[in-house]
Amino acid sequence: GQPLGPRRLSLRPVPTLPDADAFLRDALMKVRRRAQGCLAPELCLQAVRAAMERPFAEGVRRERELFQVLLTSGQARALQYAFFAERATQRWTTPTGASWSGAAPQPICQAAVIGLGTMGRGIVTSLVKANIPVVALEQDLESLNTGRKAVMLLLEREAMKMERGAQTLDFHNPARLQFTVAFDSLRDVDLVIEAVFENMALKKEIFHKLSQVCKPGALLCTNTSALDVDEIASATSRPQQVIGTHFFSPAHVMRLLEIIYGRHTSPTAIATAMQLAKALRKVGVVVGNCFGFVGNRMMFPYVQQAVFLLEEGSRPEAVDQVLEDFGLKIGPFRMSDLAGLDVGWRSRKEQGLTGPSLPAGTPARQRHGQRYSPLPDLLCEHGRFGQKKGRGRYPAGGRTAQPDPWLHNLLSQYRDTHRIAARAVDQEEILERCLYSLINEGFAILAEGIAAGPEHLD
């Protein structure tokens, strides 16, 4: 019996907020923090402001103007390019003529992960989230228990996120997730991902065992970030089944999965690894085998330039700030700090660039006739491995990067020792030196045929 009010939203008054200006200012700060440098979220907020403050027709007109700004922006073109580039990577080819159109994947009904360090934990979490039953293997009971606790903590966090979206995560069921120290538990798995630390001898020993234990059709994957996939495959009786699956840290969050084929890797193995990427909701990119592959190979000269800038007078927080203001999610030093500086240190020691295998009399700041900075090695020698030790740009237990007075002091001493006169380095120089290092290495990778096309690099 009540009269009907206006049903169209456009005819209804906008509810008034007691302090609309303060509310919108607060919202703008949040948007800028979450989407630094991105145009669209900020313009969305302006459209909401117009809807609150202006008559309906005027608000719609303002929204159309804002949309037009975005439609013709460089950011829109870049996002469109990224969208299509991600999809182009699904159409993979190799120099031998193998391609996505002629290779069928094998089914993956059960997987195994060897090693429950930082990477292994994230990979196990990704597989459980994708509903793939997992066997998680460690070398001894102590490591297994430490790894189990860390994995369960990660899965509980992920389960809480999924429950908000009305999904559940079944990870307490032993049929879905099993922890073991027995290699024999891997007899029936369809796919094994080795995620131990970067040591060639250790990886070859594991792959030799795997080729004896696993069933003939099982895919043997290595999560190496830089080592030679062919050399790892040489320890097995089935090199055609060996492939690199390089996850990026943290493995359960980062969407990129670098898939590295060796000389003998079969097209079926590549197709299966790509199918795995899809099941894990990751972007699989097929690349060739060389030191560092694509992701890390491009990262080496980029981080190296950032370190050279420190030698010459910059501070870590200044270099990070310039690259983050430019649009990268995270600067090179925050990235190294989160990933752990010990990973690169171990790799440099294996290459003979530092540590006991460095020939006596090698100049401190030169390797193989090229400029070299021993600064990252020096930090590791002081136990400064980054966030995992609470010693670096992040204070112990903290999530916000802070300037590090200890490091500023070390840099000053370092420059004195090597007689380097500190100078003021401007923002443009920081940006150009870091960015062009990435771009130049990208061109070299393309020229060598390690990546099939520029979209794969990007």
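This is a guided tour of a predicted model, moving from the whole chain to single residues.

**Whole chain**

Start with everything shown as a cartoon. The protein holds 17 helices and ten strands. Its C-alpha trace spans about 80 × 65 × 45 Å along the principal axes. Of the 458 residues, 46% are buried. If you display contacts between residues at least 6 apart in sequence, 69% of them join residues at least 24 apart.

**Domains**

Colour residues 9-72 as domain 1, 111-289 as domain 2 and 295-448 as domain 3. Now keep domain 2 and domain 3 on screen. Their C-alpha centres are 29 Å apart. Where the two meet, domain 2 supplies nine residues to the contact and domain 3 supplies four residues.

**The largest nonpolar core**

Select I114, F183, L186, V192, L210, V294 and V319, and show their side chains. These are the residues with the most contacts inside the largest nonpolar core, a set of 60 residues. Which helix gives the most to this core? Helix α10, residues 295-312, does, with seven residues. Domain 2 and domain 3 each contribute at least three residues to the core. As background, nonpolar side chains in soluble globular proteins tend to be buried together.

Centre the view on L210. Leaving aside residues up to four places away in sequence, L210 touches I114, F183, L186, V192, L220 and R238.

A second core, separate from the one above, has 45 residues. To find this second core, select A98, V124, I243 and I259, which are among its members.

**Helices α10 and α15**

Return to α10 and add helix α15, residues 405-417. The two helices pack with their axes 9 Å apart, at an angle of about 75°. Angles of 65 to 115 degrees count as roughly perpendicular, so α10 and α15 are roughly perpendicular to each other.

Show side chains where the helices touch. From α10, pick L310, E311 and E312; from α15, pick L411, Y414 and R415. What classes of residue make this contact? Three are nonpolar, three are charged and none is polar.

**Three backbone details**

Go next to the loop between β6 (242-247) and β7 (256-260), where P250 is found. Zoom in on the peptide bond from S249 to P250: this bond is cis, with omega near -10°.

Then select F293, in the loop between β8 (283-287) and α10. F293 is not a glycine, yet its phi is positive, at about 55°. Is F293 buried or exposed? Its relative accessible area is 0%, and the cut-off for buried is under 20%, so F293 counts as buried.

Last, select R419, in the loop between α15 and α16 (427-447). R419 is another residue other than glycine with a positive phi, here near 50°. Is R419 buried or exposed? The relative accessible area of R419 is 79%, and exposed begins over 50%, so R419 is exposed.

To end, show F293 and R419 together: F293 is buried, whereas R419 is exposed.

Note on methods: Residues are numbered from 1 along each chain as its sequence is written. This is a predicted model: local features need pLDDT of at least 70, side-chain atom pairs count only at pLDDT 80 or more; totals for chains, interfaces and linings use all residues. Side-chain values use heavy atoms; hydrogens and water are left out. A nonpolar core is a set of buried Ala, Val, Leu, Ile, Met, Phe, Trp, Tyr and Cys residues joined through side-chain atoms within 4.5 Å. Buried means under 20% relative accessible area, exposed over 50%, partly exposed in between (1.4 Å probe, protein chains only). Helices (H or I, at least four residues) and strands (E, at least two) are DSSP runs, numbered from the N terminus. Domain bounds come from an automatic or database domain assignment. Contact means heavy atoms within 4.5 Å. Axes are lines fitted to C-alpha atoms, for helices over the stretch in contact, and angles run from 0 to 180 degrees between N-to-C directions. Angles under 35 degrees count as roughly parallel, over 145 as roughly antiparallel, 65 to 115 as roughly perpendicular and the rest as oblique. Ala, Val, Leu, Ile, Met, Phe, Trp, Tyr, Cys and Pro count as nonpolar, Asp, Glu, Lys and Arg as charged, and the others, Gly among them, as polar.
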